[in-house]
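Hi everyone, thanks for coming. I'd like to walk you through a structure that may be new to you, so have a look at it while I talk.

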Number of protein chains: 2
Amino acid sequence: MDMRVRLTLAYDGTGYNGWQIQKDGLTIQGELEKALSRICSASIRVHGSGRTDAGVHALGQVAHFDPPPKFLNVPWNRALNAVLPPGIRVLDFARTDRKFHARFSARAKQYSYTLWTQGAFFYPQRRNFVWNTGPLDLEAMQEATTCLTGSHDFNCFMNKGTEITDTIRTVRNILLAPGFTPQETVVWIQADGFLKQMARNIVSALVQVGRKKLSQAELKSIIQGRDRALAPATAPARGLCLEHVTY
Amino acid sequence: MDMRVRLTLAYDGTGYNGWQIQKDGLTIQGELEKALSRICSASIRVHGSGRTDAGVHALGQVAHFDPPPKFLNVPWNRALNAVLPPGIRVLDFARTDRKFHARFSARAKQYSYTLWTQGAFFYPQRRNFVWNTGPLDLEAMQEATTCLTGSHDFNCFMNKGTEITDTIRTVRNILLAPGFTPQETVVWIQADGFLKQMARNIVSALVQVGRKKLSQAELKSIIQGRDRALAPATAPARGLCLEHVTY
C-alpha cells in the first residue's frame with residue numbers, strides 16, 4: 001500500500017517563478033500541489049528532480065508524490081490535467097514503490113538551450129523560448145565542447161546560493177543541432193548532474209566562443225581557474241528546457 | 001514630399017484583441033499608432049493589409065502610414081522596435097509613394113495554420129500557436145484540397161459580420177507540410193483574398209476530412225451549397241498566422 005506516483009511533466013515556464021514554491025508568485029510545484037489538494041482534499045508534497053529557474057521550461061521534468069491510500073487507481077495524467085493551468089501538462093505517470101525518489105534516484109539529466117542565430121529578423125512568437133544572439137560561429141562552438149565534456153570541477157559555472165561543496169560533475173555530451181525553425185540552433189547538454197545555473201553558464205561561455213570573444217584555450221583556463229568571476233555572465237533563462245531525467 | 005512608409009510586421013497575437021483598434025483591450029494597430037505618436041508627437045493612422053482576429057499571429061503582415069515631413073529619414077524598424085512591446089516586431093520597412101496602399105494594393109495573401117497531430121502528448125509551450133486536433137488522415141486532407149483550389153463562391157466559409165457581397169475568391173494553393181516540431185502539420189493556404197474567417201473555416205473543414213467525419217464529396221457539396229450553416233465550426237484562432245502579402 002506504500003504507493004508513490006511518478007509524473008513526467010512539461011511546462012511553459014513563462015510567467016512562473018520557477019519550480020520551487022515561493023512566498024510570492026506562481027510556481028510549478030505550487031500549481032501541482034494546489035491541483036493535488038483539489039483532487040485529494042489533502043495537503044500533498046510534490047518532489048521534483050530538481051529546481052528549474054523562473055522562465056525555464058520543461059518537456060521531461062520528473063516529480064513524485066505519495067497519494068492518500070484511497071486514491072490508488074486515479075488516472076493521474078487526466079485528473080491533474082483537468083485542473084492544472086494549460087501551461088503545465090502531465091505527459092505521463094507511473095505507480096512505483098517508495099524507493100523511487102525524483103531527486104535522489106536521478107542518474108543524469110538532459111537540457112536543451114535554444115539560440116536564435118539569424119541576424120536580420122526575429123520571430124516575436126519565439127521570444128519566450130530562445131536567446132536571440134544573432135549569428136554565431138557554430139563550428140567553433142562545437143569544437144569548444146571538447147573542453148567541457150568529461151569530468152571536471154565546474155565551480156566556474158556555479159552561481160552563488162547553494163551549499164554544495166563537491167563541484168565535480170561529468171558532462172557526457174554536448175551537441176549543437178538544428179532547432180524548431182531554420183533560424184534556431186539548439187545546444188543539447190547531458191550530464192550526471194548540474195550545479196546551480198551550470199547549463200546556462202556553459203551556454204553563455206559557448207556563445208562567447210561563437211562570437212569569437214573567447215578562444216578554446218581561454219575557455220579551458222576559465223574551467224581550470226575555478227573562479228566564477230572569470231566566466232561569462234549567465235545566459236537568459238528563457239532558452240533553457242529540461243528535456244529528460246534518467247533514472 | 002508625399003512620403004508613405006510600408007512596414008512588414010511580425011506579432012505574437014496571444015493576448016491581443018486582434019489587429020483593429022477596439023474600444024477595449026490591446027490591439028496591434030493600437031500599439032503601432034501609440035508607438036508612432038510617441039516617436040512623432042502626432043496622431044498617425046496605420047493601415048493594415050487586413051484585420052487579423054484576436055489570437056491570430058503574423059510573420060508577414062504589411063501596413064502603411066504617412067509620417068510628418070520632418071520624419072523623412074527615420075530608420076523605422078529600429079525606431080518602432082525600441083518602443084513597441086516585445087510581442088510586436090517590425091521586420092522591415094520601405095519608403096514608397098502614396099499610390100501604395102497596404103489593403104487596396106494587395107494582390108494575394110498566404111496564411112499558415114498549425115495543427116498538433118500527435119495523440120499521446122502535447123507540448124504546453126506550443127499551446128498558443130497550434131490547434132491540438134490529435135491524429136488526422138493527412139493524405140485524405142491533401143486529396144480534399146482539390147475541391148478548394150481554384151475560383152469558387154466561398155460563401156459557406158464566410159462568417160457573419162461583413163458587408164461583402166462578392167464572395168468569389170481564388171485559392172491558388174493549399175499545401176500540407178511539416179511544422180516546427182515533428183508533431184505538427186502546417187496547412188498553407190494562398191489566395192487572392194480571404195473572406196471573414198475563411199482561412200479558419202477551410203482548415204476546420206479539412207480537419208473534419210482528416211477525422212473521417214467528412215468525405216471529399218460532402219465537402220464539395222458544402223461549397224456548392226453556399227450555406228455557412230452546413231459547414232463545420234470555425235477553427236481556433238491560435239493556429240493561424242498571416243505569413244505573406246503579395247503586392
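Let's start with a residue that carries an annotation. In UniProt, an unreviewed entry lists A:Tyr111 under "binding site". Before I go further, keep in mind that what you see is a predicted model.

So where is A:Tyr111 in chain A? You'll find A:Tyr111 in strand S5, which covers residues 108–116. And is A:Tyr111 buried or exposed? With a relative accessibility of 8%, A:Tyr111 counts as buried, because buried means under 20%.

Now, what does A:Tyr111 touch, if we skip residues up to four places away in sequence? There's a whole list. The contacts include A:Val187, A:Trp188 and A:Ile189, then A:Phe194 and A:Ala199, and also the run A:Leu240, A:Cys241, A:Leu242 and A:Glu243. A:Arg51 is on that list too, so hold on to that name.

Next, the other annotated residue I want to show you. The UniProt annotation "active site", again from an unreviewed entry, covers A:Asp53. A:Asp53 sits in a loop of chain A, between strand S2 (47–48) and strand S3 (57–65). Buried, exposed or in between: what is A:Asp53? A:Asp53 is partly exposed, because its relative accessible area of 23% falls between the 20% and 50% cut-offs. Leaving out residues up to four places away in sequence, A:Asp53 touches A:Gly18, A:Gln197 and A:Arg200.

Let's go to another loop. A:Ile21 is in the one between strand S1 (4–11) and helix H1 (28–40) of chain A. A:Ile21 is partly exposed as well, with a relative accessible area of 35%. Its contacts, again without residues up to four places away in sequence, are A:Thr27, A:Gln29, A:Gly30, A:Glu33 and A:Arg45. And here A:Arg51 comes back: A:Ile21 and A:Arg51 are 30 residues apart along the chain, and their C-alpha atoms are separated by 9.8 Å.

Time to zoom out. How many helices and strands does chain A have? Five helices and 10 strands. The C-alpha atoms fill a box of roughly 60 × 40 × 30 Å along the principal axes. Chain A has a radius of gyration of 19 Å, which agrees with the value near 18 Å for a compact globule of 247 residues. Of those 247 residues, 53% are buried. Looking at contacts with a separation of 6 or more, 70% are between residues 24 or more positions apart.

On the outside, chain A has an accessible surface of about 11,200 Å², and carbon and sulfur atoms account for 49% of that. As for charges, there are 30 positive and 20 negative ones in chain A, and their mean positions are 5 Å apart.

What about domains? UniProt, in an unreviewed entry, places "domain: Pseudouridine synthase I TruA alpha/beta" at residues 10–104 and 148–247 of chain A. The span 10–104 is 22% helix and 23% strand, with its end C-alpha atoms 20 Å apart. Residues 148–247 come to 23% helix and 30% strand, and there the end C-alpha atoms are 23 Å apart.

Last stop, chain B. Which residues of helix H2 (residues 76–83) are buried there? They are B:Trp76, B:Ala79, B:Leu80 and B:Asn81. Those buried residues pack against strand S1 (4–11), helix H1 (28–40), strand S3 (57–65) and strand S4 (88–96) of chain B. As a reminder, an α-helix has 3.6 residues a turn, so residues three or four places apart point the same way.

Technical notes:
Residues are numbered from 1 along each chain as its sequence is written. Chains are lettered from A and ligands numbered from 1 in the order in which they are written. This is a predicted model: local features need pLDDT of at least 70, side-chain atom pairs count only at pLDDT 80 or more; totals for chains, interfaces and linings use all residues. Side-chain values use heavy atoms; hydrogens and water are left out. UniProt positions are given in the numbering used here, feature names are shortened, and annotations may be inferred rather than shown by experiment. Helices (H or I, at least four residues) and strands (E, at least two) are DSSP runs, numbered from the N terminus. Buried means under 20% relative accessible area, exposed over 50%, partly exposed in between (1.4 Å probe, protein chains only). Contact means heavy atoms within 4.5 Å. The radius of gyration is taken over C-alpha atoms; the globule rule is 2.2 Å times the number of residues to the power 0.38. Accessible areas come from the Shrake-Rupley method with a 1.4 Å probe; for residues, only the protein chains shown count as cover. Lys and Arg count as positive and Asp and Glu as negative; His and the chain ends are not counted. The place of a charge is taken as NZ of Lys, CZ of Arg, CG of Asp or CD of Glu.
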